[in-house]
Amino acid sequence: MTTDKTGAPTEVAEGQDRFTISVDGQRAGFTEFIDHGGQRIFPHTVVDEEFSGRGLATILVREALESTRDAGLRIVPVCSMVAGFIEKNHEFDAIVDPITVDVKRVLSRR
């Protein structure tokens with residue numbers, strides 16, 4: 001279990017189309033994903049304002065990307081939070097794909 005900057009325990013759970021993060025059992029945020037053609041597209045990440053500044057987005061995105069890598073999928077970082085994380089954490093560089101016309105088409109169907 002990971003703790004946030006305040007020392008509170010966090011839990012990241014994977015659902016059908018998103019990873020959620022909870023603090024002390026209270027849902028604090030999520031990152032959405034779409035699986036398509038061997039890729040996991042990350043369009044949007046949100047951490048509730050009352051939990052901001054606690055490092056939750058970093059915990060959430062790291063665990064989501066690790067799970068994606070473990071699943072053998074490639075990462076498409078549409079979300080600026082995910083893209084920024086990858087820019088600072090190069091261990092995912094080898095499995096990152098650019099945003100293509102096909103990815104944009106998939107996103108437009110949401």
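Me: Let's agree on one thing before we start: two strands count as paired if DSSP finds at least two bridges between them. Which order do the 5 strands of the open antiparallel sheet take?

Reply: Mind that this is a predicted model, where local features need pLDDT of at least 70 and side-chain atom pairs count only at pLDDT 80 or more, while totals for chains, interfaces and linings use all residues. Residues are numbered from 1 along each chain as its sequence is written, and side-chain values use heavy atoms, with hydrogens and water left out. Strands are DSSP runs of E with at least two residues and helices are runs of H or I with at least four, both numbered from the N terminus. On that basis, the open sheet reads β1-β2-β3-β4-β7.

Me: And which strands stand at the edges of that one, each with a single partner strand?

Reply: An edge strand here has one partner, so one of its sides is left without a neighbour in the sheet. Inside the sheet, β2 (residues 9–14) and β3 (residues 18–23) run antiparallel over 5 bridges, with Thr10 partnered by Val23 in β3. The edges are β1 (2–3) and β7 (45–47).

Me: What angle does the direction of α1 make with that of β3?

Reply: α1 packs on this sheet, touching β1, β2, β3, β4 (26–32) and β7; contact means heavy atoms within 4.5 Å. Axes are lines fitted to C-alpha atoms, for helices over the stretch in contact, and angles between N-to-C directions run from 0 to 180 degrees. For α1 against β3 that gives about 140°.

Me: There's an open sheet of 3 strands too; in what order do they come?

Reply: β5 and strand β6 (residues 39–42) are antiparallel, with 3 bridges, whereas β6 and β8 run parallel, joined by 4 bridges. That makes the pairing mixed. The order is β5-β6-β8.

Me: Which residue in the turn of the β5 and β6 hairpin has a positive phi?

Reply: The hairpin leaves 2 residues between its strands. Among the facing residues, Ile34 has Ile41 as bridge partner in β6, and His36 stands opposite Gln39. The turn residue with phi of about 55° is Gly37.

Me: Are Gln39, Ile41, Arg40 and Phe42 of β6 buried or exposed?

Reply: The cut-offs are under 20% relative accessible area for buried, over 50% for exposed and partly exposed in between, using a 1.4 Å probe and protein chains only. Gln39 and Ile41 point one way, Arg40 and Phe42 the other. Arg40 also stands opposite Ile75 in β8. Whichever way they point, the four are buried.

Me: How far does α1 reach from its first C-alpha to its last?

Reply: α1 (residues 56–70) also packs on the sheet containing β6 and β8, touching both. Its buried residues include Leu56, Ile59, Leu60 and Leu65. The expected span of a helix is 1.5 Å times one less than its number of residues, and α1, with 15 residues, comes close to that at 21 Å.

Me: Zooming out, what is the radius of gyration of the protein?

Reply: The protein has 3 helices and 8 strands, in the pattern β-β-β-β-β-β-β-α-β-α-α. The radius is taken over C-alpha atoms, and the globule rule is 2.2 Å times the number of residues to the power 0.38. For 110 residues the rule gives 13 Å, and the protein's value is close to it, so it is as compact as a globular protein of that length, at 14 Å.
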